[in-house]
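Thanks for making the time this morning. I would like to walk you through one structure, going slowly enough that you can find each place on your own screen.

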Amino acid sequence: MREAPILVVGAGPAGASAAATIAEAGLPVLLIEQRDQFGGAIHRQPAAGNDSHVWRPARHRRNWAGLMARLQACAGRIETRTETIFLGVDSEGRFLFDDRRAACVFARRPRAAIIAVGAVETIRPFPGWELPGVMSAGGAQVLLKETGRPPEGPILVAGSGALLPALAAQLAKAGNPPVAVLERGRPWNAPAALARLALSWGPMSEAAAYATTLATSRVPYRCGAIVTQAEPDGDGLKVGIRVGDQRQVLRVRHLLIHDGIEPNRTGIPLPDPDAAVPVLLAGDGREALGADAAILDGRRAATQVLARLGQATRRMRSDERGLIRARGFQAALTQALHSEPVVPAPETLICRCEGRSYAELAALAPDASAREIRLMGRFGLGACQGRFCGPMIAALRGQPLPAAIPPRWPLRPVSVAALARLTTDETE
Amino acid sequence: MKPTRFGPSLYGTNRFCMASSSPLHVAVIGTGIVGASAAHFLAAAGARVTLLDASGPAAGATGASDGAVSVASKRPGPMMDLARHARAFYVRHERDGLFRGLFHRRSTFLVARTAIEADLVTRHGADLAAAGERVVEVDRATLLARIPGLGDSVCAALEIPDDGHALGYEITQRLLATSRVDIRRNAPVSEIVMRAGRACGVLIRDEFLPADAVLVAAGIGSAPLLGLGEILIPRKGQMAVTDRATTAGPAIDGHLMAASYLAAKRGIVRDNSHIGLVIDPLMTGQFLIGGSREDHRSDHSTDAVTIAAILREALDLYPPLAARRVLRSFAGVRSASRDGLPIVGPHPHRPGVVIATGFEGDGICLGPFMGASAARLLLGERPEADLSSLSPQRLVRAEVHA
Amino acid sequence: MTSHFFWNGDPVAFQPGETIAAALLRAGLADLGQPSNVPGGRVFCGIGACQACVVAVMGAAPVEACLTPAREGLRLGSLPFVGAQHA
């Protein structure tokens, strides 16, 4: 019988790093990626037929080229399945995958699993955030990287975080600078945090490059500024904004929103490094520390798996130090951009899938059970199954959305016909 | 007149006898559809009710089931008769407003895909007709006009036009929202406390909650509280829910019930790998597809092999499901009694305790009526239907003979 | 050479390797349809999580436009695309 592989889910920086580390140690790897190409969100490559590359920092280009070269060098030990979506683990320990090309679900029993499915963006909802024309900044950036083309027409970028100026600069370099970047936080009010950020040379030189681009393209970057609502307006959107006490209405074609990231954990199997089949999380999916740290974290998880399987490994103290540095940087950034949560207007949509409003969320009993929130509130019951609205609900309720126990599969909606065609690698 | 601890005698052997004129206080254990209904009708009659649940409303089988208010699926005998009462109860309360908008009449189609299944469907139809139910024979052309896209293998079908649909958690929520009852979530009851030969309250962790009477309607959690031994068998059912096929109400004009489901309900097959297939078109335009019948399984996990088997059956019966996605899989745990009949009535040797459990897969259909019946028992009134076949007394007799 | 798929019956051009989402957006199709009682579809998160860009596929189950490479001749439409499979 063929030796069972180590499963790695997600071929972004953490997954690629984990897969390379394990394959270099001589063990077989099954590498699963939901897209047709590796890269994840951060290292998303241009689509096959497109040669117009989006500008990105040299460090990122180097890092990714290095990872790809390592994967290439041990390709013989890595079984890659692209356009394949991880569906979770069933009650009998089967890891389930939806092969979208073959329209068939398959089950495997790996020796160990490293799940590196990245982060999801956080959104602070406002009336109209659900409209066509409103996109997450990360989603827009992924599209920009793939197509090399910015969206047409006026763009407004709003929310909070380091992604906002980065995306705005990339849009500007691609030929369509946004009309403005609105940052919710007021970093100048947190000088200590800013001072700590200034000590991080890599990210800060990147930030300086973005700032230069924004200045050259005359893109205003306003702090303490938020979007209060959006309404349809012909082909575009009428966006109400507030800067300090000033209210204003902007007419744009695209509104790109983003309020930070958090690990993509909803429904993901719980980490259990000591189980018979060890499960580890890696990268932004474990702790949102960014692309550079994800590479270190992928190697850390792989090393831990190798040690667990009895392979001699070197502990990488430099990796641990790198993760600690990244954590310090993220903490300072969070502190610098901190802003108090705001209670949304009652009509604000919280669950887009089922069309449920904040008023309906607020009407639930404060001690409502998971069942009540889901079935009676219909929150987390739609197609995203709470994977997207869950963090938003948790932030608004001040407590995490109670998770289904055991974690439920499928993690993503799956074709009835594909699941009916389930194949397993067992003799059942 | 408000019931007090004096007056009404508990139907059957139990009797309230404490001298006081304050309203009767009932501790109802279990906030599923049965407990919620009992609480609602007790409160409506003036009793004070504390509803206790280890988790919260509809946390058990009530929130993990299909929405069939179906006489068509019942075993011939008392269950078929009681289901007719229970369905009429829904109809009545849909009209009087209590269940308005939550109960919908819809047909059940009993469908056969082989000659043996066709025989079974015919036999079951005859039993339904004998119980007074309207049964309509449907030829394939008519059936296809009603349910476009139905699989080629379907060779015979009966329509039961008077069945209905309601979601257990919605009914539970309505019953609770329309009554003044005290709901305590995260309140697991560990013991029913007896004093001077009758129930005087319950223990919730270390807390004693005094009560004049106790209703045990805690599904599979009932058995440990009753001291009657292993009277309930957990029977897990795995199910899948799809995305919307339409946004304008149910996607198909009736509940599809395969003969394989009847075979399980009539006790013809008893096999943990057997799929009793039902395709339940929900009001949201989604489909709920079930299910397995796994005895002695009380966990809520699902496995891909079983779910895939359910979906293969479902695709054969209704191929348009190929255009749908599964949003989630889940499992409910039915509480089955040893003889397959629910357990409803006064506790055989604990005065002041009434039991309402063991509804297996029929809790949504029977629940509101049985809860109301339990309320009547607690108030010392006679239930609207003869529940003698469900009496917990039979469990004691069985023990003696065993 | 341009390839096409169909969106609610109309041809939409795409370039090789492009996702359905990228092609729809380039064609100016930001609004992916408005079923009666839930918000309309639109490309949003770009990583398959939010399920807002799910589109109906003739003869198959719906897919996330942001994850799915466009393919020649695909017949796509707004959800729920009732009756497509037994037309």
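I will take the contact between the chains, then a hairpin, then the domains, and finally some unusual backbone geometry.

Please keep in mind throughout that this is a predicted model, and that every value I mention has been computed from it.

Let me begin where the two chains meet. On one side we have 28 residues of chain A, and these are in contact with 30 residues of chain B. If you look for the elements of chain A that take part, helix 10 (370–376), strand 21 and helix 12 (416–420) each supply at least two residues of the side that touches chain B. As for the character of that side of chain A, its residues divide into 16 nonpolar, four polar and eight charged.

Strand 21 of chain A deserves a second look, since it pairs with strand 19 of chain B, residues 325–337, in the antiparallel sense and over two bridges. To place yourself in that pairing, find A:Val414, which stands opposite B:Val326 in strand 19 of chain B.

Just ahead of this strand there is a detail of the backbone. The loop between helix 11 (389–397) and strand 21 (414–415) of chain A holds A:Pro410, and the peptide bond leading into that proline from A:Trp409 is cis, with omega near -5°.

Staying in chain A, let us turn to strand 4, residues 84–89. Is this strand buried or exposed? Six of its six residues are buried, so strand 4 of chain A is largely enclosed by the rest of the structure. Its partner is strand 5 of chain A, residues 95–99, which runs antiparallel to it and is joined to it by five bridges. Within that pair, A:Phe86 has A:Phe97 of strand 5 as its bridge partner. The two strands form a hairpin with five residues between them, and in the turn A:Gly93 has a positive phi of about 85°.

Now to chain B, which is divided into domain 1 (1–103 + 163–231 + 338–402) and domain 2 (107–162 + 232–337). The centres of these two domains of chain B, taken over C-alpha atoms, are separated by 28 Å. Their contact takes 33 residues from domain 1 of chain B and 34 residues from domain 2 of chain B. On the domain 1 side, the largest share, three residues, comes from helix 2 of chain B, residues 78–95. That side of domain 1 divides into 14 nonpolar, eleven polar and eight charged residues.

I will finish with the backbone of chain B. As a reminder, most residues other than glycine have a negative phi, and most peptide bonds are trans. With that in mind, consider B:Ala196, whose phi is positive, near 50°; this alanine is in the loop between strand 10 (189–195) and strand 11 (198–204) of chain B. B:Ala196 counts as exposed because it has 8 other C-beta atoms within 10 Å, where the cut-off for exposed is 12 or fewer.

B:His296 also has a positive phi, near 65°, and its place is the loop between strand 18 (294–295) and helix 8 (304–317) of chain B. With 9 C-beta neighbours inside 10 Å, B:His296 counts as exposed.

And which two residues of chain B does a cis peptide bond join? They are B:Gly290 and B:Gly291, with omega about -20°, and B:Gly291 is in strand 17 of chain B, residues 287–292.

How values were computed. Residues are numbered from 1 along each chain as its sequence is written. Chains are lettered from A and ligands numbered from 1 in the order in which they are written. This is a predicted model: local features need pLDDT of at least 70, side-chain atom pairs count only at pLDDT 80 or more; totals for chains, interfaces and linings use all residues. Helices (H or I, at least four residues) and strands (E, at least two) are DSSP runs, numbered from the N terminus. A residue is buried if 20 or more other C-beta atoms lie within 10 Å of its own, exposed if 12 or fewer, and partly exposed in between; C-beta atoms are placed from the backbone. Two strands pair if DSSP finds at least two bridges between them. Two residues are in contact if their C-beta atoms, placed from the backbone, lie within 7 Å. Ala, Val, Leu, Ile, Met, Phe, Trp, Tyr, Cys and Pro count as nonpolar, Asp, Glu, Lys and Arg as charged, and the others, Gly among them, as polar. Domain bounds come from an automatic or database domain assignment.
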